Amino acid sequence: MSAAAAAPAPDTTTSSRPWHARLRFGTGDRAAAALLLLFTVIAILWANSPWGDSYEQFWETPVEIGIGDFALVTTLHHVVNDAVMTLFFFVVGLEVKREFTLGELTDRARAVVPVVAAVAGLIVPALIFVLIAWPTGEAHAWGVVISTDTAFLLGALAIIGPKFPARLRAFLLTLAVVDDIGALLAIAIFYNSGIQVLPLVVAAVLMVLIALVRFLPVWRGIAYATLAIALWFAIAAAGVHPTLAGVAVALLIPVFPPRRTDVERSAELTQAFRESPNAAYAAAVTRSLRNSISINDRLQAAWGPYISFLVLPLFALANAGVHLDAETVSAAISSPLTWGIVAGLVIGKFIGIAGATALIRMSGLGRLAPGLAMPRIAGGAALSGIGFTIALFIVTLAIADPETQDLARVGVLVASVIAFSLGWAIFVIADRMAPPQPIGKVLVRPFDPERDHYRGRPDAPHQIVEYGDFECPFCSRATGSIDAVIEHFGDDVCWVWRHLPLEAVHSHAKEAAQAYEASALQGRFLEMSRILFANQEALTADDLCRYAKEIDLDVDRFIDDMRSPRVMHRVEEDQLDAEIMDLHSTPTFFIGGKRHIGPWDSRTLIRTLEASAAPRVEPAP
């Protein structure tokens with residue numbers, strides 16, 4: 001009998017959770033990658049059709065934008081690459097800003113492996129390319145091989161579908177952010193048309209004004225848009241590629257975690273609207289909901305789908321139309337430039353990322369997250385050789401001759417196909433050689449007295465790890481069972497608490513977990529846990545602050561710690577561990593490192609601890 005079956009109304013997430021997981025890790029990424037691939041194929045077929053001349057003629061269509069005496073004359077191809085792609089780099093910049101402020105890159109211990117791997121994945125491909133392409137005189141085009149296409153990477157991961165991809169996906173996303181930073185710096189520094197000082201000064205002034213927009217009480221959206229357009233023209237006039245204006249604006253837009261007080265205010269206004277629906281309440285609810293989320297998050301959510309399903313496919317259509325006639329294919333087969341790109345992306349990315357990860361891991365300077373082994377890293381490293389969007393983008397910046405550009409595009413396309421095939425093969429072979437183990441039977445993260453919160457001696461002969469939710473009534477009841485177990489064994493048992501907030505059914509559970517962690521930073525986690533379980537119906541932000549005061553915490557520090565990346569990452573680590581082990585109900589117990597299946601009353605737990613013959617999981621060094 002499962003833990004859920006031990007109670008009449010178990011606390012679980014919805015039965016559709018596996019579908020939610022598929023949506024999160026698969027459908028969106030897969031659809032975006034499929035659409036990008038479709039438009040790539042359309043571009044190639046169009047360029048090589050009997051009407052192939054119309055491909056270049058269409059994208060070279062003159063476009064003139066004029067205001068009064070001012071006129072900007074360009075082509076449709078440049079509109080896509082210089083203007084529309086600014087939106088892509090804007091969203092990339094938003095993600096970079098968020099990762100450095102709230103995400104993986106705020107925590108050195110979590111970030112060191114993917115960051116070092118990403119840096120190696122930038123340097124090694126460039127070196128391999130330069131060595132091979134040097135005789136062609138195009139060695140300066142090394143920027144083509146340094147970037148991974150994040151959309152294709154995540155789409156490929158979704159298509160291949162390795163089991164339990166959460167940790168690998170998080171690793172690859174962190175790697176992709178650093179990868180994007182490297183590519184953006186390369187474009188700004190090495191692929192500009194000569195820096196003009198005066199426009200650059202104007203651009204700097206505009207960036208200061210953009211940074212100050214956040215303090216405006218109203219019209220911030222209009223101010224951001226107006227200044228961003230002006231910045232685009234200033235950066236273009238300065239000789240830097242204008243798409244970097246998108247990155248600059250994104251890095252200046254504020255990002256912060258949702259504040260519970262704002263969320264509670266939104267809930268109060270929503271309740272007022274339900275009781276008395278009117279235009280004033282509707283406007284207040286809309287404004288409150290919008291203000292409770294940072295501009296960064298709102299813009300990512302709003303623009304992300306347009307980038308994935310419109311901007312990138314349009315870019316592929318405008319840039320992937322390589323001529324694959326016999327002459328081009330023959331030239332590509334014998335071209336050091338083409339093979340330099342293929343080797344740089346396929347071999348360089350694989351060696352750089354997988355090799356750096358292995359070295360960092362062996363040196364002890366960093367370690368992989370639980371459930372993330374080197375075969376998975378190797379598969380992800382192979383897929384990172386899919387360098388499509390920014391690679392094709394840099395082709396147009398680094399190489400002037402159209403025929404040579406075609407050779408480079410052939411290399412990018414061939415490398416992407418090989419990288420996908422190699423990644424798929426690695427995942428399939430690795431799973432066959434070491435089939436995935438039954439999920440959830442064994443604790444994936446060993447007890448670590450430096451990290452975990454526990455009661456008892458860390459070297460006690462008996463060990464019980466509980467994954468729980470402070471809003472779960474069954475976890476509250478289990479507290480009494482744990483007290484009885486500790487009373488029975490005394491110093492011979494060590495109880496460890498880990499977080500599994502079931503956010504789908506308990507709206508305050510995660511914030512309560514953060515309150516627990518913030519209390520732990522002041523050495524009062526046991527006191528906080530007891531008061532949280534005793535007041536499960538009152539876990540709002542104000543309640544949590546009141547409890548902090550009751551147990552004599554520094555309330556100001558408590559509030560700051562609750563919102564800190566350190567605390568949020570600590571809770572999210574436990575959640576990811578639970579996801580790897582496929583845990584969906586609370587409480588879930590592990591005894592001696594093995595999952596306890598059955599009732600969790602004190603007598604059963606005591607009997608199971610006494611009967612456990614296997615040695616317990618030793619504390620992590």
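Is Arg 445 buried or exposed at 10% relative accessibility? Arg 445 counts as buried, because its relative accessibility is 10% and buried means under 20%. Keep that residue in mind while we look around this model, which is a predicted one.

## The whole chain

Let's start with the big picture. The protein chain has 24 helices and nine strands. Of its 621 residues, 51% are buried. Take the contacts in the chain with a separation of 6 or more: 80% of them are between residues 24 or more positions apart. As for the outside, the accessible surface comes to about 28,100 Å², and carbon and sulfur atoms own 64% of that.

## Salt bridges

Back to Arg 445. The structure holds 20 salt bridges, and one of them joins Asp 577 to Arg 445, with the closest N and O atoms 2.7 Å apart. Asp 577 sits in helix H23 (residues 565–580) and Arg 445 in the loop between H17 and strand S4 (453–455), so this pair ties together parts of the chain that are 132 residues apart in sequence. The partner is tucked away too: Asp 577 counts as buried, at 0% relative accessibility.

Now try another pair. Asp 492 and Arg 457 form a salt bridge whose closest N and O atoms are 3.7 Å apart. Asp 492 is in the loop between helix H18 (473–489) and strand S6 (493–499), while Arg 457 is in the loop between S4 and strand S5 (462–468), so the bridge ties together parts that are 35 residues apart in sequence. Asp 492 counts as partly exposed at 36% relative accessibility, and Arg 457 counts as partly exposed at 29%.

A third bridge stays inside one helix. The side chains of Asp 574 and Arg 570 meet at 2.7 Å, N to O. Both residues belong to helix H23, four residues apart, which is about one turn of the helix. Asp 574 and Arg 570 are both buried. They also take part in a network of salt bridges that links Arg 451, Asp 452, Arg 498, Arg 570, Glu 573 and Asp 574.

Here are the three pairs side by side:

| Acidic residue | Basic residue | N to O distance |
|---|---|---|
| Asp 577 | Arg 445 | 2.7 Å |
| Asp 492 | Arg 457 | 3.7 Å |
| Asp 574 | Arg 570 | 2.7 Å |

## Covered helices

Next, have a look at helix H5 (residues 150–160). H5 is mostly covered, with eight of its eleven residues buried. The buried ones are Phe 152, Leu 153, Leu 154, Gly 155, Ala 156, Leu 157, Ala 158 and Ile 160. Right after H5 comes Gly 161, which has a positive phi, near 65°.

What covers the buried residues of H20? The cover includes S4, H18, S6, helix H19 (509–520), H21 and helix H22 (555–563). The residues of H20 that are buried are Phe 525, Met 528, Ser 529, Ile 531, Leu 532 and Phe 533.

Move along to the loop between helix H20 (525–534) and helix H21 (541–550), and you find Gln 536. Gln 536 is buried, since its relative accessible area is 13%. Leaving out residues up to four places away in sequence, Gln 536 touches Asp 469, Phe 470, Glu 471, Cys 472, Pro 473 and Ser 476. Take Pro 473: it is 63 residues from Gln 536 along the chain, yet their C-alpha atoms are separated by 7.7 Å.

## Out on the surface

Which residues form a nonpolar patch on the surface? They are Val 197, Leu 198, Val 201, Val 202, Val 205, Val 208, Leu 209, Leu 212 and Phe 215, and together they have about 880 Å² of accessible area. Val 208, for one, is placed in helix H7 (residues 197–212).

There is a charged patch as well. Asp 325, Glu 327, Asp 401 and Glu 403 make up a negative surface patch. Asp 401 is in the loop between helix H16 (389–398) and helix H17 (402–433), and it is partly exposed, with a relative accessible area of 35%.

One last stop is Ala 236, in helix H8 (residues 220–237). Ala 236 is partly exposed, at 33% relative accessible area. Its C-alpha atom is separated by 9.6 Å from that of Gln 196, a residue 40 positions away along the chain.

Technical notes:
Residues are numbered from 1 along each chain as its sequence is written. This is a predicted model: local features need pLDDT of at least 70, side-chain atom pairs count only at pLDDT 80 or more; totals for chains, interfaces and linings use all residues. Side-chain values use heavy atoms; hydrogens and water are left out. Patches are made of residues with over 30% relative accessible area and no salt bridge: like charges are joined within 9 Å, nonpolar side chains (Val, Leu, Ile, Met, Phe, Trp, Tyr) within 5 Å. Accessible areas come from the Shrake-Rupley method with a 1.4 Å probe; for residues, only the protein chains shown count as cover. A salt bridge is a side-chain nitrogen of Lys or Arg within 4 Å of a carboxyl oxygen of Asp or Glu. Lys and Arg count as positive and Asp and Glu as negative; His and the chain ends are not counted. The place of a charge is taken as NZ of Lys, CZ of Arg, CG of Asp or CD of Glu. Helices (H or I, at least four residues) and strands (E, at least two) are DSSP runs, numbered from the N terminus. Buried means under 20% relative accessible area, exposed over 50%, partly exposed in between (1.4 Å probe, protein chains only). Contact means heavy atoms within 4.5 Å.
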